[in-house]
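Q: Could you talk me through a few local features of this model, with the cut-offs spelled out as we go?

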Amino acid sequence: MRSGCAPSACNSADGPLLPWVARAIGLATIGHFLWEAAQLPLYTLWRTGTRREIAFALIHCTGGDILITTVTLAAATALARVFGWRAFGWRMVFTAIALGAAYTVFSEWLNVEIRRSWSYAASMPVVPFLGTGLTPLLQWLIVPGLALAVIGYRYRRARRLMHRGGPT
């Protein structure tokens, strides 16, 4: 293992890491649901879809976000263990966010340009050169970033308390 990560932080000898990862996914799920609901008016479905279609899209897209969050966080956690990165440290967080953002760019391109599964409303700001909607890309920078920051802080705090013998 590379330096910068005590073995206990990476292999969870002080306690299982999985519950913390699950908490991060759970917190991100709430954020993704709220973000998806807020950005719906930036898609044509908002104007052309029925309430049922809009509700289905909201649930379907949030489900996809949960899957992407789970896979990218699992990959980042695995890489943290392999390379000896600190659990919930900046390398792990950056990796998870970068993987999610990269997948978002690919998915938006595939579904908007190739499959035409959905389309942007004229009000959707688009990232130059990528053609990706700005709000889906920001979603993958902000939502997992906040979830991992909050859970990472709590994880590190819990570890410090555990090493000191608990709260006094």
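Q: What phi does Arg116 take, just after α5?
A: Arg116, which directly follows α5, takes a positive phi of about 55 degrees, in a predicted model where local features need pLDDT of at least 70, side-chain atom pairs count only at pLDDT 80 or more, and totals for chains, interfaces and linings use all residues. Residues are numbered from 1 along each chain as its sequence is written, and side-chain values use heavy atoms, with hydrogens and water left out.

Q: And how many residues does α5 have?
A: Helix α5 (residues 90-114) has 25 residues and reaches 35 Å from its first C-alpha to its last, close to the 36 Å expected at 1.5 Å a residue, the expected span being 1.5 Å times one less than the number of residues. Helices are DSSP runs of H or I with at least four residues, numbered from the N terminus.

Q: Switching topic, where is Ile30, and is it buried or exposed?
A: Ile30 is found in helix α2 and is exposed, with a relative accessible area of 52%, where exposed means over 50%, buried under 20% and partly exposed in between (1.4 Å probe, protein chains only).

Q: What about Leu40, buried or exposed?
A: Leu40 counts as buried because its relative accessibility is 11%, and its place is in the loop between α2 and α3 (45-48).

Q: How far apart are the C-alpha atoms of Leu40 and Ala121?
A: The C-alpha atoms of Leu40 and Ala121 are separated by 9.5 Å, with the two residues 81 residues apart along the chain.

Key
Helix = DSSP H or I, 4+ residues; strand = E, 2+ residues; numbered from the N terminus.
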